[in-house]
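The following exercises concern strand pairing, the nonpolar core and the largest pocket of one protein chain. Each task is followed by a worked solution, to be read alongside the sequence and the model.

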Amino acid sequence: MPTRAPGPSASASSSPASGGGCLAGRTQVTVAPGDPPRRRLCVRPGTVVTLVLRPRTDDKRWTAVRSSAPALVVVSGWRLDSDGTAHASLRCAGARGGAAGITAQAKAPDVAGAARGVFLLEMTVTPYPGQG
């Protein structure tokens, strides 16, 4: 049975070395104003993570989500609601393990220049222990 990540204020994490407590199946991670700019998440291969980015309180708006290792964790969907909430779908590789940094970018709409990373989800994909 899939497990759920903690609410917006909590940080979902586990020890990548032990692999205990890693999430599997489908899970949601919500980031709200005032949350830390970095969070760790341990998942099993094949996990689908929905990243919900609540509207920002400054003049910046969410613009995109990027993966540092798209072969391991790919951003497969992006949606920006009219209220400023952004949703990203992250799909983990089905068999391999490793680490990827998922960077959420934001920028003020009336300012020239590239968006900057303002939130980092450090994902560790930990394979199931071998049988036998």
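**Exercise 1. Determine the sense in which E3 and E6 pair, and identify residues that stand opposite each other.**

Solution. In this predicted model, E3 and E6 pair in the antiparallel sense, over 6 bridges. Two positions illustrate the register. Val 52 stands opposite His 87 in E6, and Thr 50 has Ser 89 of E6 as its bridge partner.

**Exercise 2. Establish how E3 pairs with E1, and how E5 is joined to E6.**

Solution. Step one: E1 and E3 are parallel and share 6 bridges. Within this pairing, Arg 26 has Val 48 in E3 as its bridge partner.

Step two: strand E5, residues 73-80, runs antiparallel to E6 and is joined to it by 7 bridges. Trp 78 stands opposite Ala 88 in E6.

Step three: E5 and E6 form a hairpin with 5 residues between them. In the turn, Gly 84 has a positive phi of about 100 degrees.

**Exercise 3. Explain why E3 and E6 are described as largely enclosed by the rest of the structure.**

Solution. The criterion for a buried residue is a relative accessible area under 20%. For E3, 5 of the 6 residues are buried, so the strand is largely enclosed by the rest of the structure. For E6, 6 of the 7 residues are buried, and therefore this strand too is largely enclosed.

**Exercise 4. Identify the residues of the largest nonpolar core that touch the most other members, and trace the contacts of Leu 53.**

Solution. The largest nonpolar core holds 25 residues; those touching the most other members are Leu 51, Leu 53, Val 73, Leu 90 and Met 123. Strands E1 (26-31), E2 (38-43), E3 (48-53), E4 (61-67), E6 (86-92), E7 (98-107) and E8 (116-125) each supply at least two residues of this core. In soluble globular proteins, nonpolar side chains tend to be buried together.

Leaving aside neighbours within four places in sequence, the contacts of Leu 53 include Val 31, Trp 62, Val 65, Trp 78, Ala 104 and Phe 119. Gly 84, Thr 85 and Ala 86 are also in contact with Leu 53.

**Exercise 5. State the volume of the largest pocket and describe its lining by class.**

Solution. The volume is about 170 Å³. Of the 15 lining residues, Ala 32, Pro 33, Gly 34, Arg 56 and Trp 62 are the closest to the centre of the pocket. By class, the lining comprises 9 nonpolar, 2 polar and 4 charged residues. Trp 62 also appears among the contacts of Leu 53.

Notes: Residues are numbered from 1 along each chain as its sequence is written. This is a predicted model: local features need pLDDT of at least 70, side-chain atom pairs count only at pLDDT 80 or more; totals for chains, interfaces and linings use all residues. Side-chain values use heavy atoms; hydrogens and water are left out. A nonpolar core is a set of buried Ala, Val, Leu, Ile, Met, Phe, Trp, Tyr and Cys residues joined through side-chain atoms within 4.5 Å. Buried means under 20% relative accessible area, exposed over 50%, partly exposed in between (1.4 Å probe, protein chains only). Helices (H or I, at least four residues) and strands (E, at least two) are DSSP runs, numbered from the N terminus. Contact means heavy atoms within 4.5 Å. Two strands pair if DSSP finds at least two bridges between them. On a 1 Å grid over the protein atoms alone, a cavity is a set of points where a 1.4 Å probe fits but cannot get out, and a pocket is an open set with protein on both sides within 12 Å along at least five of seven lines; lining residues have an atom within 4 Å of a point. Grid points are joined across faces, edges and corners, and a volume is the space filled by probe spheres set on the points. Ala, Val, Leu, Ile, Met, Phe, Trp, Tyr, Cys and Pro count as nonpolar, Asp, Glu, Lys and Arg as charged, and the others, Gly among them, as polar.
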